[in-house]
Amino acid sequence: MATNALRSLWAEPRPTNAPARGPRDWALVALLICWSVVEVVLRSDLAPRPLLLIPLLAVLGSLLWRRSHPLVAVAASFGTWTIVEIVRILTGSQGALLNSMGAALILAYALFRWGSGREAASGLGLILLWLPLTTIADPTSLADTVGAYAFFLFAAALGAAIRYRAKIRIRDIEQAKALEREQLARELHDTVAHHVSGIAIQAQAGRAIAASHPERAVEALAIIEDAATRTLTELRAIVGVLRASQDTEFAPQPGVAEVEQLATDGRTRPCVEVTLSGEFDDLSPAVGAAIYRLAQESITNARRHARHANLVTVAVTGDADQVRLTIDDDGSAAGGRAPAGYGLVGMRERASLLGGTFHAGPAAERGWRVEAVLPRTGTPR
């Protein structure tokens, strides 16, 4: 089992979401340069200038590449530093190096945060090769030596821990999206099944009365045509939505009309008020179900997380092309709802699958606002 674990760590790929080099990286290098200049001016116990400048440039330059090329950055900085330490040992050069070079801890962190398993193992080997050489070139007490090892190992462990946490979060987000896709597909499946059942009933009725009442058979055909058109629209919506096989009930899903049932009578807090305005005729059942689910989830979140909230207002507005859902609560700004929660991830995924937009965040004055805009046809992306 231990062998398999080591093989798994060795084969670990690089994370795919490494940030690009930005202004903060340049600001970090500029700050370290200023720190180094101050040390050179104020300290008198430093090693000769060339032995200071060469490893310093290697470390500072490597910081700019620590995320995109973590092993190269570690090899360039600690490799150069190792050569300088060997030169110091052979020549007997006295004096300390700059404290600002402690920024090499960032490289150890970045190696385990952004490097692959092979890169992390190889880079750690270079760091462990350098550490005993630097203690020989600049003799320190046992406590300082142990502290140096502890600092670098802690930086590496911190990078690995944050990497693992980010990986778990990405997995949880993908699971939340998959569950939302599954629920949406199940609702679409149920809606299509409901339409098909209606088509079958109308076809049977038309066949039974075709001989005696031809005009009513024509009406049945018109109803069948309309239902078939709606069914085709829903079938197109199902395409592209992944769905796990689960038992489903052939029943119509809740829609915009059922949003009014989410309102409360004021006896419980927060009170929920619902307002419907505009046209909702010929609205895609998938969009109607999505509006209901988004409103339901948002009200649940407000009850759980909105501190001191007394009122939640739900407004649904339908126009010729789209339907807008807005949910506001008057909770305290100290409620601290994380905008990256998995419930919000699922709601954003549902809106995106239907070709709409979703936003959730603090309102302008107080409380929290959720806003979703969906096309009436529910065309998935």
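Let me begin with a definition: helices here are DSSP runs of H or I with at least four residues, numbered from the N terminus. With that in place, R88 and E85 are three residues apart in helix α4, which means that about one helical turn separates them. I should say at once that this is a predicted model, and everything that follows should be heard with that in mind.

Staying with that pair, R88 and E85 form a salt bridge in which the closest N and O atoms are 3.0 Å apart. Are these two residues buried or exposed? R88 counts as buried because its relative accessibility is 2%, and E85 is buried as well, with a relative accessible area of 0%. As a general point, side chains of opposite charge can pair when their charged atoms come close.

The structure holds eight salt bridges, and I would like to walk through some of the others. R14 forms a salt bridge with E119, where the closest N and O atoms are 2.6 Å apart. R14 lies in the loop between α1 (2-10) and α2, whereas E119 lies in helix α6, so this pair ties together parts that are 105 residues apart in sequence. The two partners fall into separate classes of cover: R14 counts as partly exposed because its relative accessibility is 34%, while E119, with a relative accessible area of 13%, is buried.

Further along the chain, the side chains of E371 and R324 meet in a salt bridge at 2.6 Å, N to O. Since E371 lies in strand β5 (residues 368-375) and R324 in strand β3 (residues 322-329), the pair ties together parts that are 47 residues apart in sequence. E371 is partly exposed, with a relative accessible area of 24%, and R324 also counts as partly exposed, at 33% relative accessibility. There is also a network to mention, in which D25, R66 and R67 are joined by salt bridges that share partners.

Let me turn to the aromatic side chains. How many aromatic pairs does a search of the whole structure find? The search finds five. One of them is the stacked pair of F78 and W81, with 6.1 Å centre to centre and 25° between the planes. These two residues are three apart in helix α4 (residues 70-91), so about one helical turn separates them, and both F78 and W81 are buried. W81 also forms an aromatic pair with W130, and this one is tilted, with 4.5 Å centre to centre and 45° between the planes. That second pair links distant parts of the chain, given that W81 is in helix α4 and W130 is in helix α6 (residues 117-137), 49 residues apart. W130 is buried, as is W81. Taken as a group, F78, W81, W130 and F152 form one aromatic cluster.

Rings also meet charges in this model. The charged end of R21 sits over the ring of W65, at 4.3 Å from its centre, and the charged end of R113 sits over the ring of W114, at 3.8 Å from its centre. R113 and W114 are both among the buried residues of α5, a list that also includes A104, L107 and F112. Helix α5 (residues 104-114) is mostly covered, with eight of its eleven residues buried.

For another covered position, consider A290, which is in helix α10 (residues 285-305). A290 is buried, with a relative accessible area of 0%, and, leaving aside residues up to four places away in sequence, A290 touches R350, L354 and L374. A290 and A372 are 82 residues apart in sequence, and their C-alpha atoms are 9.9 Å apart in space.

What lies at the surface? I33, V37, V38, V41 and L42 make a nonpolar surface patch of about 480 Å². L42 is in helix α2 (residues 23-42), and L42 counts as exposed because its relative accessibility is 67%, the cut-off for that class being over 50%.

Finally, T268 is placed in the loop between α9 (256-259) and β1 (271-278). At 44% relative accessibility, T268 counts as partly exposed, and T268 and N310, though 42 residues apart in sequence, are 9.0 Å apart in space, C-alpha to C-alpha.

Conventions: Residues numbered from 1 in each chain as written. Predicted model: local features only at pLDDT ≥ 70, side-chain atom pairs only at ≥ 80, totals over all residues. Heavy atoms only, no water. Patch = residues over 30% accessible without salt bridge, like charges linked within 9 Å, V, L, I, M, F, W, Y side chains within 5 Å. Areas by Shrake-Rupley, 256 points an atom, 1.4 Å probe, with all protein chains shown as cover. Salt bridge = Lys/Arg side-chain N within 4 Å of Asp/Glu carboxyl O. Buried < 20%, exposed > 50% of the residue type's maximum accessible area, 1.4 Å probe, protein only. Phe/Tyr/Trp six-rings, centres within 6.5 Å; stacked < 30°, edge-to-face > 60°. Lys NZ or Arg CZ within 6 Å of the ring centre and 35° of its normal. Contact = heavy atoms within 4.5 Å.
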